[in-house]
Amino acid sequence: MGKINLKPQKPGRRPIADKLFKIGATVAGVYVLVMVALLVFQLVSESYPIWEEEGLSFITSTDWNAVDGRESFGVLPYILGTLVTASLAMLIGVPLSIGIAMFISDAPPKIGGPLGFLVELLAAVPSVIYGLWGLFIFRLYFKDWVEQPLHDLFGDSVFLFSGTPFGLDILTASVILAIMIIPTVSAVSREVMKAVPQQQKEAAYMLGATKWEMFKLAVFPYSKTGLIGASILGLGRAVGETMAVTMLIGNATGIAAVPSSLLKPSQTMSSIIANQFNEASPASLHLPALIGVALVLLLIAIAINIVAHLLVTKMMKVKEGAINN
Amino acid sequence: MTTTSQRRQEYRNLFKQNVEKRLLVDKVVRIIVFACVIIAIIPLGSILVEVFKNGMSALSYEFLTEAPGSIGSGEGGIGPAIQGTLIIIGLSSLIGVPIGVMSGIYLSEYGDNRLARSIRFFNDVFMEFPSIVLGIFAFLMIVLVLGHFSVWAGAFALSLIMFPIIARTTEESLKMVPVTYREAGTALGLKKWVITFRIVISAAKSGMITGILLSVSRIGGETAPLIMTILGSSQFFSSMDVPMDALPLRIWRLSLLPYDSAQLQGWGSALVLIIIILGINLGVRYFFANRKNGILGQLVKKGLHAKN
């Protein structure tokens, strides 16, 4: 048994260990800020040659040629490809996700829990496996059962469905993206719907509302901001997604990649990087061009995510206020 | 008096019609909403069934342990890819876990100021950065500077995906430890770092482990950042300064080849990958969510949401 030391510790010793601890923790916290700054700085400085060479036409022109001597780089088709696939994915995925959130937030926990868990498992499947499944399984069915009929019905009249259905196109990529964003959007929507005060729901029921009317009267108006935030979060996910899209979008380049029909191959910003990065030589303009694409992609993703983040936190703050009152 | 009773009948009919219509709409919406769930689960079922069905026939001892044979021959296996995935997960955890945990400690224990709020915000935004951009960042910082592909670059890129997730889950679980624990520590005259490591963290351990494992399962399936950092290779690991293989990369390369044998090997690799990743995911869920239903169950859910 040692003697219990009742003497006060030397002044100054205690603060030093704790100070070091605090400094260590702060450094780790600040790490993320440093990384963000370094990341933006690196992308800007390494893509500088292409901005110098092409100027704004890097964003607005449509030709893409990496051959020595005839180099010309325009990312407009890829920006359009990204935005079209991501918004289409949102268009398909968001209503489904909100339906799922409605079902799970409303079902008895014994049913809702496992189903919600299964939907969340979709998020655990790696992107490249979505790509593999899309390429070898989904595409074949989708081509025969959805794309071909759409093309036969509307191919001549609506420009959206012209082109030959082959399965490697914008529509297939968007549907896979939609599946991939469902877990995110439905999970956030569910949280947001949970934030609606129980009294409001009960008030709606008391007025004689059916379940659907209760959602319309009490849940949707209250959680509107959060639901929009959740959908935009899904959009952000879809914009940054790489592998599944790369494997399914058909990888056109240059003017051919401009998304003029849903049944045509195209290209997104992330897929052009994945496809060409290893071929690009650092000595030519090709590498700076791809880094420029990454910079544009990052800026778009950051903008989308900040908007989504602000909307969702705003909604959650309302929730805290409601509970405190 | 007859008029009133007629009217009453009329009202009754109107009411009935109204209610019937509303109940019908309600029913239709219920069916649609249920259909949404089914539509979302079908792809999951199909993916799992196809991966298992097609992957099983590729599996064999040689497939799991040997290096790939010549392209298109259908010989050899994915030994280097499995090895590479394990190495890259280990190395990126080595970088990402300490940073993530310390950052989470900062946010929870010292996190009541302006700096911490902005860190929290950027953490959330950083979590949503496209992973391919992080890959390019690692390429510029390490590969371009060294002049050759490097395993460290891949580990660095994946650690960037990892640490914000860990920071977030660590913060959440530390915050759930009651303040009285810390006060008890202070009353014993312990130093702050001792309180944090010995009391707070040991109380919040399972939540943190959950977050770490979920982030591991996330990076295990990442492909995009590996393309420009470790490139892929068909040899077993020999040094940190040469290209290395990883399962997701191997699946991607195999899917690009026009041979049936390559496709089969692709399914086999997908099976191995999905067993690793779903294994971690389900294991974490089962282990921690079932042990205590309240706090930990919630944490597991949060970790999953934060993920993907």
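In what order do the elements of chain A run from the N terminus on? Some notes on that and a few other points follow.

1. Keep in mind that this is a predicted model. Starting at the N terminus, chain A reads α-α-α-β-β-α-α-α-α-α-α-α-α-α. The tally for chain A is 12 helices and 2 strands.

2. On overall shape, chain A has a radius of gyration of 25 Å, and the globule rule gives 20 Å for 325 residues, so chain A is more spread out than a compact globule. If you want box dimensions, the C-alpha trace of chain A spans about 85 × 65 × 40 Å along its principal axes.

3. As for packing, 50% of the 325 residues of chain A count as buried. Take the contacts in chain A between residues at least 6 apart in sequence: 77% of them join residues at least 24 apart.

4. Now the contact between the chains. Chain A puts in 71 residues and chain B 73 residues. On the chain A side, helix H1 (residues 13-46) supplies the largest share, with 19 residues. By residue class, the side of chain A that touches chain B splits into 48 nonpolar, 16 polar and 7 charged.

5. Over in chain B, have a look at helix H10 (residues 247-256), which is mostly covered, with 8 of its 10 residues buried. The buried set in H10(B) consists of B:Leu247, B:Pro248, B:Leu249, B:Arg250, B:Ile251, B:Trp252, B:Leu254 and B:Ser255. Note that B:Arg250 is on that buried list too.

Key
Residues numbered from 1 in each chain as written. Chains lettered and ligands numbered in written order. Predicted model: local features only at pLDDT ≥ 70, side-chain atom pairs only at ≥ 80, totals over all residues. Contact = placed C-beta atoms within 7 Å. Helix = DSSP H or I, 4+ residues; strand = E, 2+ residues; numbered from the N terminus. Nonpolar A, V, L, I, M, F, W, Y, C, P; charged D, E, K, R; others polar. Rg over C-alpha atoms; globule rule 2.2 N^0.38 Å. Buried ≥ 20, exposed ≤ 12 C-beta atoms within 10 Å, placed from the backbone.
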